Amino acid sequence: MDPRPRGFAPRLSRRGGRLLLAAPFALIATVTVVDILLPPEVHLGPFLIAAPAVTASFAGPRMTAFVGAVAVLAQAVVAIVRTSLTDLNHTYQIAALILISIIVTFFAYLREAHESKVTQLRSIAQAAQSVVLRPLPRRSGPLRIASIYLAAEEEAQMGGDLYAAARTKSGTRLLIGDARGKGLDAISEASLVLGAFRVTARRERELPELIRHLEAGVGSAEADERADEVGMSVDDEAQEAFVTALVLDIPDHEPVVRLANCGHPPPLLLRKGRVVALDSAEPSPPLGLADVLSPVVAVESFPFDVGDVLLLYTDGVIEARSRDRAFYPLVERLAAWAGDDPQTLLGHLRNDLHAYAGGHLGDDAALVAIERLAPERRSAA
């Protein structure tokens, strides 16, 4: 995401900013002319306070101060034309206008400083995350893959959502997960899991062994250091760090998908216009809780034939809320686009999710769509 531009209208186009900026000057001109033409007992000078106050809501401190100075000058002109600059009523109006202009200019400075800090923090988090989260391949054997990452709009905190893919001798393995918390700590945990997956996904023959390697990576590198910083014991720190994950093994020559679910939302299978959740009968706890719960990793198989599409996602998708606080109905919305290719499907989901949540997601979200292609299309691609 690009850093927000600094200036009087950081979230608007240049043309929109100019139109907004014209409003306070038009207000100043209107109030000044009308105040001069009205009878002496009527005073519109107090309305000039609105000009710098409105400007501070969308402009920087320099422009706010400039509008305030123009408003003070306009009030002085009114005073000279109607009575005199030393008239007590106009003197109090000018003093009040100067005071309000100083106050709103200070608040505009604070707002701009806050936006600059948020932009810097988001840039740091995004840079760290872009190093950790590599793009997935568009093709892997008989599979066509698409992925998107949707960053939350709240403050500068980015989540620890993660995904990865690796080719094995007999198929493709995929990982999707979500580290607890937000920001750099979550990204750090995600990097540990991704690193362990990239090292061992091709090497381990069975998913339970792969899961154990991922489990060992959660919090292991920094647990002692972080525990000392916050005054926690190592055991307490270990319990604080966990990652929900879903690991899939999709063989090239078998119409199945084998998966191990570690506390993650179940994948959705799209087949002939129907959407089916692949719920695990024996889900394992999230990665990082093995010492607490001593889980047994269960691997389950589900049909995954030619033309089927699997959708993997993190909880930022299903926890997105509309303006009336209703959760995003992923299964119902997904059924409308069943049959689309992975890239088109994720495009529909991204647009619909942003529209449903009013353009502001409360948490980061990751989506991965996988389609199994027919044998004759493998060589043609």
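Strand E2 (residues 143-150) runs antiparallel to strand E11, and 8 bridges hold the two together. This is a predicted model, and E11 is a good place to start reading it. All told, the protein has 13 helices and 11 strands, and 47% of its 381 residues count as buried.

**Strand E11 and its partners**

- On the E2 side, Ile 145 has Ile 370 of E11 as its bridge partner.
- Strand E10 (residues 309-313) also pairs with E11, again antiparallel, through 5 bridges.
- In that pairing, Val 309 is matched with Glu 371 of E11.
- E11 covers residues 365-372, and 8 of its 8 residues are buried, so the strand is largely enclosed by the rest of the structure.
- Side chains in a regular strand alternate between the two faces of the sheet.
- Here, Ala 365, Leu 367, Ala 369 and Glu 371 point one way, while Ala 366, Val 368, Ile 370 and Arg 372 point the other, and all are buried.

**Nonpolar cores**

- The largest nonpolar core has 48 residues, and the members touching the most others are Leu 175, Leu 214, Leu 287, Leu 310, Val 368 and Ile 370.
- Helix H5 (residues 183-200) gives this core its largest share, with 7 residues.
- Apart from that core lies another one, of 25 residues, including Ile 148, Leu 150, Val 275 and Leu 334.
- What does Leu 214 contact, once neighbours within four places in sequence are left aside? Leu 175, Val 193, Ala 196, Phe 197, Val 247 and Leu 287 are the residues in contact with Leu 214.

**Aromatic pairs**

- The count of aromatic pairs comes to 3.
- One of them joins Tyr 328 and Tyr 356 edge-to-face, with 5.2 Å from centre to centre and 75° between the planes.
- Tyr 328 sits in the loop between helix H10 (315-318) and helix H11 (330-335), and Tyr 356 is in helix H12 (residues 342-356), so this pair ties together parts that are 28 residues apart in sequence.
- Both rings belong to buried residues: Tyr 328 has a relative accessible area of 3%, and Tyr 356 has 16%.

**Whole-protein numbers**

- Among contacts with a separation of 6 or more, 70% are between residues 24 or more positions apart.
- The protein exposes about 19,300 Å², with carbon and sulfur atoms supplying 58% of that area.

Definitions and conventions. Residues numbered from 1 in each chain as written. Predicted model: local features only at pLDDT ≥ 70, side-chain atom pairs only at ≥ 80, totals over all residues. Heavy atoms only, no water. Buried < 20%, exposed > 50% of the residue type's maximum accessible area, 1.4 Å probe, protein only. Helix = DSSP H or I, 4+ residues; strand = E, 2+ residues; numbered from the N terminus. Pairing = 2+ DSSP bridges. Phe/Tyr/Trp six-rings, centres within 6.5 Å; stacked < 30°, edge-to-face > 60°. Core = buried A, V, L, I, M, F, W, Y, C linked by side-chain atoms within 4.5 Å. Contact = heavy atoms within 4.5 Å. Areas by Shrake-Rupley, 256 points an atom, 1.4 Å probe, with all protein chains shown as cover.
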